[in-house]
Amino acid sequence: NSWYDYAKEVMDAALEEARKHTVGLRHSMPRDYLEYMGCMHASSSDARRDAVKETTKALIKQALSSLDTALDVGADARARTLLKERLPISLAAEGQ
């Protein structure tokens, strides 16, 4: 139960909320983005990489605008996970 676990839930909740209101998050990625993005292209100076980076940064900034709500949603998600992890193992056969 670390800050990483909580932040991961918060970011997921913020992105999910932003997806509802931010049209840019629902746009398709460029068809050829795998030709210039990824670790094997990290040292490339392709202008398309810069465009993807800037678009991604802008979309993440928009997603973070719903952070206040996402903080509570993330806390609720962590609580569900922690409670589920502490339940005893079911010995009943599946479906019973």
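Is E17 buried, partly exposed or exposed? With a relative accessibility of 25%, E17 counts as partly exposed, where buried means under 20% relative accessible area, exposed over 50%, and partly exposed in between (1.4 Å probe, protein chains only). The structure is a predicted model, so to speak a computed one: local features need pLDDT of at least 70, side-chain atom pairs count only at pLDDT 80 or more, and totals for chains, interfaces and linings use all residues. Residues are numbered from 1 along each chain as its sequence is written, and side-chain values use heavy atoms, with hydrogens and water left out.

E17 has a salt-bridge partner in K20, with the closest N and O atoms 3.4 Å apart; a salt bridge here is a side-chain nitrogen of Lys or Arg within 4 Å of a carboxyl oxygen of Asp or Glu. Both K20 and E17 sit in helix α1, three residues apart, about one turn of the helix. Helices (H or I, at least four residues) and strands (E, at least two) are DSSP runs, numbered from the N terminus.

Searching the whole structure turns up six salt bridges. One of them pairs R78 with D5, at 3.9 Å between the closest N and O atoms. R78 belongs to helix α4 (residues 67–86) and D5 to helix α1 (residues 3–21), so this pair ties together parts that are 73 residues apart in sequence. The two ends of the bridge fall into separate burial classes: R78 counts as buried because its relative accessibility is 10%, while D5, at 24% relative accessible area, is partly exposed. Another bridge brings the side chains of R48 and D46 together at 2.7 Å, N to O. R48 is partly exposed, its relative accessible area being 34%. D32, D46 and R48 are joined into one network by salt bridges that share partners.

Next come the pockets. The largest pocket has a volume of about 260 Å³. Among its 13 lining residues, G24, M29, T55, T56 and L59 are the closest to its centre. Two elements, α2 (23–26) and α3 (47–64), give two or more residues to the lining, and α3 gives the most, with six residues. By type, the lining splits into eight nonpolar, five polar and no charged residues. For the record, a pocket is an open set of points on a 1 Å grid over the protein atoms alone, where a 1.4 Å probe fits, with protein on both sides within 12 Å along at least five of seven lines, and lining residues have an atom within 4 Å of a point. Grid points are joined across faces, edges and corners, and the volume is the space filled by probe spheres set on the points. Ala, Val, Leu, Ile, Met, Phe, Trp, Tyr, Cys and Pro count as nonpolar, Asp, Glu, Lys and Arg as charged, and the others, Gly among them, as polar.

Helix α3 also holds L64, which counts as partly exposed at 35% relative accessibility. Together with M11 and I60, L64 makes a nonpolar surface patch of about 220 Å². Such patches take residues with over 30% relative accessible area and no salt bridge, nonpolar side chains being joined within 5 Å; areas come from the Shrake-Rupley method with a 1.4 Å probe. A63, also in helix α3, counts as buried at 1% relative accessibility. A63 and E16 are 47 residues apart in sequence, with their C-alpha atoms 8.4 Å apart in space.

Methods:
Patch = residues over 30% accessible without salt bridge, like charges linked within 9 Å, V, L, I, M, F, W, Y side chains within 5 Å.
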